[in-house]
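The questions below go through the strands of one protein chain and then through a few of its residues. Please keep the sequence and the model in view.

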Amino acid sequence: MKKISSILMTLCLVIALTLAATPTHVSANALIIPYAKNTGYGLTAQQLQIKGGFKIHMSLPKSKLAGGKIAKVTSSNKKVAAQIKIAHTSTFTFIVKKYGKTTFTITVKTGKKKTKNYKCNFTSAKYNCPVSSIKLGTSGNLASKFKSSFIFGYERPATAATAKV
């Protein structure tokens, strides 16, 4: 009985690691990241090779909007983040062109003549595999499964219009 439960646990762990290692971000789908004063994202070489760059949405919390909407967003380094577009009252989209740092200045219009400015230091860095060795039983080293993909990441939730069939 102990041997069977051990085999089942190992099998479940291998399946979970394999599913987690599948590349989920190498597509044209935009990634949504929440606003933070200092934020960043690790990009693989494949993601930067996507035609035009890697698309990211940044969302501001309702507390920052104070009933207003994003009026203008600028980037201090257009070589890193370009093609900034306001996607919604609380989100904007930008394209990451290469590794580096930029500062976004986000202007929120809260009234007729009232505005608030927020800064966001964004860093795009090369993704490095955080795992050097994973061994399950006699399977060998499974760390190579994580070299070109993320162990954890999150994407825009699928809606009826964007769901993949």
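Two strands pair if DSSP finds at least two bridges between them. Helices (H or I, at least four residues) and strands (E, at least two) are DSSP runs, numbered from the N terminus. This is a predicted model, in which local features need pLDDT of at least 70, side-chain atom pairs count only at pLDDT 80 or more, and totals for chains, interfaces and linings use all residues. Residues are numbered from 1 along each chain as its sequence is written, and side-chain values use heavy atoms, with hydrogens and water left out.

Q: In what order do the elements of the protein chain run from the N terminus on?
A: The protein chain has three helices and eight strands. Read from the N terminus, the order is α-β-β-α-β-α-β-β-β-β-β.

Q: Which strands stand at the edges of the open sheet with the order β2-β8-β7-β4?
A: This sheet has four strands with mixed pairing. An edge strand has a single partner, so one side is left without a neighbour in the sheet; this applies to β2 (38-43) and β4 (69-75).

Q: By how many degrees are neighbouring strands of this sheet turned against each other on average?
A: Axes are lines fitted to C-alpha atoms, for helices over the stretch in contact, and angles run from 0 to 180 degrees between N-to-C directions. For this sheet, with direction ignored, the average is 25 degrees.

Q: Which residue of β8 is the bridge partner of Thr39?
A: Thr39 is placed in strand β2. Six bridges join β2 to β8 (residues 115-126), and the two run parallel. The partner of Thr39 in β8 is Phe122.

Q: Is Thr39 buried or exposed?
A: Buried means under 20% relative accessible area, exposed over 50%, and partly exposed in between (1.4 Å probe, protein chains only). Thr39 has 18% relative accessibility, so Thr39 counts as buried.

Q: Which strands stand at the edges of the open sheet with the order β1-β3-β6-β5?
A: Here too the sheet has four strands and mixed pairing. Each edge strand has a single partner strand, so one side lacks a neighbour in the sheet, and the edge strands are β1 (31-34) and β5 (81-86).

Q: Which residue in β6 stands opposite Ala82?
A: Strand β6 (residues 91-96) pairs with β5 in the antiparallel sense, over four bridges. Opposite Ala82 in β6 stands Ile95.

Q: Which side chain is joined to that of Thr93 by a polar contact of 2.6 Å?
A: A polar contact is a pair of N or O atoms within 3.5 Å; within protein, one must be able to donate a hydrogen and the other to accept it, and residues adjacent in sequence count only if both atoms are side-chain atoms. Thr93 lies in strand β6 and counts as buried at 8% relative accessibility. The side chain joined to Thr93 at 2.6 Å is that of His57.

Q: What separates the C-alpha atoms of Thr93 and Met58?
A: Along the chain, Thr93 and Met58 are 35 residues apart. Their C-alpha atoms are separated by 6.4 Å.

Q: Which backbone oxygen lies 3.4 Å from a polar atom of the side chain of Ser75?
A: Ser75 is found in strand β4 and counts as buried at 9% relative accessibility. The backbone oxygen of Asn77 lies 3.3 Å from a polar atom of the Ser75 side chain. At 3.4 Å, the backbone oxygen is that of Ala81.
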